[in-house]
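Trainee: I should like a close look at one part of this model, the pairing of its charged side chains. Please follow it from there to whatever else it leads to, and explain the reasoning as you go.

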Amino acid sequence: MVTSVLVTGGIGYVGSHVAVELIEKGFDVHLVDNFSNSSVQQLDGIRQIISPSKSVSFYEANIGDTEKIQKILREQNIKAVIHCAGDKSVAESVLMPLKYYDNNVGSSISLFKAMESCGVSILIFSSSATVYGIPKGIAISEQAQTAPVNPYGKTKLTIENILNDLCRSGSKWKTMNLRYFNPAGAHVSGLIGDRFDNHPSNLFPIICQVLTGKRENLSVYGNNYDTADGTGERDYIHICDLAKAHVEALQFLLQSHNSPIPGALNLGIGKSVSVLEVIRAFEDSCNLQIPYKIETQRPGDIGKYFADPRAAQKNLSWTPQKSLKDMCRDTWRWAQNSASTTVDEN
Ligand code: WQD
């Protein structure tokens, strides 16, 4: 019996890569997205990547549209949901908190109510390391204090708490919160990746803008942090390694009858690299030059943190395989392919 899975935000950066991994693993995959931060090209990319014998269905819908989601859950006999839909800009969340609480939290509640009314109670949630706020140590385990300092991180923790309460309510809910550190890279085909035509704030999409001539140079936000070269350090994890962890987490929930389920797992590689190291990795692996200039620190940034990934590696029998240079090479291939097929939104 093939397991039917619904991926919300299914043509977004994470959702599309999760969809490809699920399809390749033999799941019956259905995608829902409202195109708020994704494009139909990404759906075309998924369909070009998957084997000709496989298929994937797509529904344009808001996850807050309970009736539409109930219809999909029933029509496709959905067994589990991987919930990736949500706004993800830290900076925007500070300026527009209501948009983030309404879309991220409000729509998630609608999704969970639709699921409950249809008897669907298995869910993997796309959470974030931003739930930790300003970490006390630099290797962050799931036991670290959660104290988000921006609305984006607060919405992620609120949704985690809702799911934890559902699991504790004595109902059949089985969920897992996957806390992403810094996803980067793209599928090796170059057909899906992280958009960079929509005013990104993250490092890799902005480097894509520089590499494709949409931005003159990269602003390096600060070189006076307490790090090896003074620039900010993060735990970058290849998006395909991250997607594989979602498949393992789903299989864990599907097979876990009485075994304890970890509430949250950190998805990172367990070490950090600096902005200048990322620039050098691009230049070495892709034979490119990335013009940059040192600017002042970005408000809200911190110098360095990375995941303690042992719990995820143990519980999911999963270890990230791809290197920083893989992230750079795959990002560059995606940027070249994407720049040749999309029109900038500006
Ligand atoms: C990485 C490093 C910057 C841009 C974000 C969000 C959230 C989360 C993780 C999922 C930092 C530096 C960046 C630039 C730079 N994802 N930088 N110049 O801030 O760690 O967190 O990603 O939840 O989206 O919390 O990621 O890519 O913005 O920054 O120097 O133009 O690159 O200072 O050191 P961040 P980022």
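**Charged pairs and the ligand site**

Mentor: Arginine 179 and glutamate 160 are joined through their side chains by a salt bridge, with 2.6 Å between N and O. The arginine belongs to strand β7 (residues 174-180) and the glutamate to helix α6 (residues 151-168), so this pair ties together parts that are 19 residues apart in sequence. Both partners, arginine 179 and glutamate 160, are buried. Please keep in mind that the model is a predicted one. In the whole structure, a search finds 13 salt bridges, and two others deserve attention beside this one.

The second pair is arginine 195 with aspartate 197, whose closest N and O atoms are 2.9 Å apart in a salt bridge. Are these two side chains buried or exposed? Residues count as buried under 20% relative accessible area. Arginine 195 has a value of 14% and is therefore buried. Aspartate 197, at 12% relative accessibility, is buried by that criterion as well.

The third pair has another setting. Aspartate 301 and arginine 298 meet through their side chains in a salt bridge, 3.0 Å from N to O. Aspartate 301 has a relative accessible area of 22%, which means that it is classed as partly exposed. Arginine 298 is also partly exposed, at 32% relative accessibility. The class called partly exposed runs between the limits for buried, under 20%, and exposed, over 50%.

Aspartate 301 leads directly to the ligand. There are 22 residues around the ligand, and the ones that come nearest are Tyr152, Leu203, Ser219, Arg234 and Asp301. The acidic partner of the third salt bridge is thus also one of the residues that come nearest to the ligand. By character, the shell around the ligand consists of eleven nonpolar, seven polar and four charged residues.

Which parts of the fold each supply at least two residues of that shell? They are α7 (203-211) and β9 (218-221). The largest share, four residues, is that of β9. Seen by domains, at least three residues of the shell come from domain 1 (4-185 + 235-267), and at least three from domain 2 (203-234 + 270-337).

Several polar contacts of the ligand can be followed atom by atom. Serine 128 has an N or O atom in its side chain 2.8 Å from an oxygen atom of the ligand. Asparagine 202 places a polar side-chain atom 3.1 Å from a ligand oxygen. Leucine 203 makes its approach through the backbone: one of its backbone N or O atoms lies 2.7 Å from an oxygen atom of the ligand. On its own the ligand has 690 Å² of accessible area, and the protein covers 93% of it.

The segment that precedes α7 also holds a backbone feature worth inspecting. Histidine 199 lies in the loop between β8 (182-184) and α7. What is the sign of phi at histidine 199? The angle is positive, near 55 degrees, in a residue other than glycine. Most residues other than glycine have a negative phi. Histidine 199 is exposed, its relative accessible area being 61%.

Asparagine 287 presents a further case. Its phi is positive too, near 55 degrees, and this residue is likewise not a glycine. Asparagine 287 is placed in the loop between α9 (275-286) and β14 (292-295). At 73% relative accessibility, it counts as exposed.

To return to your request, the three salt bridges described here are arginine 179 with glutamate 160, arginine 195 with aspartate 197, and arginine 298 with aspartate 301. In the first two pairs the partners are buried, whereas arginine 298 and aspartate 301 are partly exposed. Aspartate 301 is the point at which this account passes from the salt bridges to the ligand, since it belongs to the residues that come nearest to the ligand.

Conventions: Residues numbered from 1 in each chain as written. Predicted model: local features only at pLDDT ≥ 70, side-chain atom pairs only at ≥ 80, totals over all residues. Heavy atoms only, no water. Near = heavy atom within 4 Å. Polar contact = N/O pair within 3.5 Å; in protein donor to acceptor, adjacent residues only side chain to side chain. Areas by Shrake-Rupley, 256 points an atom, 1.4 Å probe, with all protein chains shown as cover. Nonpolar A, V, L, I, M, F, W, Y, C, P; charged D, E, K, R; others polar. Domains from an automatic or database assignment. Salt bridge = Lys/Arg side-chain N within 4 Å of Asp/Glu carboxyl O. Buried < 20%, exposed > 50% of the residue type's maximum accessible area, 1.4 Å probe, protein only.
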